[in-house]
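Me: I would like to learn how an interface between two chains is read from a model. Could you take me through one, giving the general idea before the case?

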Amino acid sequence: MIIAEQKPFEEIKNLIEPAQRVLVVGCGTCVTVCFAGGAREAAILAASLRMASKLNGDPKEVTDVTVQRQCEWEYLDTIAEQINEADIVLSIGCGIGVQAIAERYPKTWVVPGLNTAFLGLPAEQGVWVERCAACGDCILGLTAGICPIARCSKSLLNGPCGGSQDGHCEVNEEIPCAWQLIYDRLQSLGKLEMLYEIRPPKNWRTSRDGGPRKIVRPDLRLSEEE
Amino acid sequence: MSSVNVDYQIVAFCCQYCAYAAADLAGGLRLQYPPNVKIVQIPCTGKMDVLYALQAFESGADAVMVAGCMPGDCHFLEGNFNAVRRVERVKDLLRQIGLEAERIRMFHISSSMASQFVAATEEMLRTVEAIGPNPLRVSGKAHPQETCGLPSG
Ligand code: SF4
Ligand code: SF4
């Protein structure tokens, strides 16, 4: 899922400063389950901003609404009226949600309430970790299901490097060395010989190096008449 | 700040298994506690939501008490520990908003601790008397919000 966290309150206050009617828009998918931007967080943020602005002597009208997915036109269309009535939309969806609102509502001023951080999973209650960097050419089949692109600090294809210490990455003791994890897992699966093969440099054109990416599925496209 | 002429409002979210029963027992024992305290019964302090507290403050409450079982005695095992963390989160939010973090506090009171319940309410009243009324109040009286506004689910 997409993992995000709320921006500092002061920054959010500054972003909405010029507006009088503020609509906080939450998203019911990824950011709900990482507790950054779901219905509950939208209500908490709206209440906090109402109180803070009132104490500031400039009471703002802050309301909140949450759609199932902020990154799809169909869901955004259901809140058209509320968006059009607002001076500013404070999106607490991920960066995709913010841009979807900007694209669907060309006349609306929209600002982000979250910092979108990474693609990952909840490792334990209250802890999220990165797992994928969306490189566009997945090599997990070669690395025992552990991603060296997202989880090795140097994104090495032939690791580990000389900085791997007792299972920790040299960049930070708290980071498990991805290549140690790959080694251990290959060993426990009896496939260590896979490491004899030297991986050539990865083609990064499928990643960000090829510019913004796009996928087209002709079989799913609607014809002109539809 | 003087407490004269200020009708302080303290909302006490009390777990039905302990603090609510303690308040009941205080009544049965004819122990008096400040009339400023408005008790809201909840099934466990684990049900305590950050939004309940924020809505109380937005509606003008001067203080919020969250009263649950003694550590280790929660009927649902760890609801009171969850409540402690949520109260801490509300304190952080209050600081950001510009209100005093002391306006909310967690207490651990078992069902037999009637006099401790009374002491907790008196302590909370002294706290708000020291920091003064909630500046978000429209007038001297707290005004309850019409709708709860909690997201469903
Ligand atoms: S190899 Fe690429 S697609 Fe596969 S998990 Fe790693 S970053 Fe994601
Ligand atoms: S120590 Fe391990 S995780 Fe860190 S950069 Fe080297 S190979 Fe990558």
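Reply: What follows is a short reading of the interface between chain A and chain B in a predicted model. Local features need pLDDT of at least 70 and side-chain atom pairs count only at pLDDT 80 or more, while totals for chains, interfaces and linings use all residues. Residues are numbered from 1 along each chain as its sequence is written, chains are lettered from A and ligands numbered from 1 in the order in which they are written, and side-chain values use heavy atoms, with hydrogens and water left out.

Me: What area is buried between chain A and chain B?

Reply: The size of an interface is often given as the accessible area lost when the parts come together. Here the buried area (lost to a 1.4 Å probe, summed over both parts) is about 1400 Å², with 63% of it from carbon and sulfur atoms. In chain A, the residues that lose the most area to chain B are A:Arg40, A:Met51 and A:Leu55, together 43% of what that side buries.

Me: How many salt bridges does the rule find across the interface?

Reply: A salt bridge is a side-chain nitrogen of Lys or Arg within 4 Å of a carboxyl oxygen of Asp or Glu. The rule finds three between chain A and chain B, including that of A:Arg40 with B:Asp49, whose closest N and O atoms are 2.7 Å apart.

Me: Which residues of H3(A) meet H3(B)?

Reply: In contact (heavy atoms within 4.5 Å), A:Glu41, A:Ile44, A:Ser48, A:Met51, A:Ala52 and A:Leu55 meet B:Arg89, B:Leu93 and B:Ile97.

Notes. Buried area = accessible area lost by both parts, 1.4 Å probe. Helix = DSSP H or I, 4+ residues; strand = E, 2+ residues; numbered from the N terminus.
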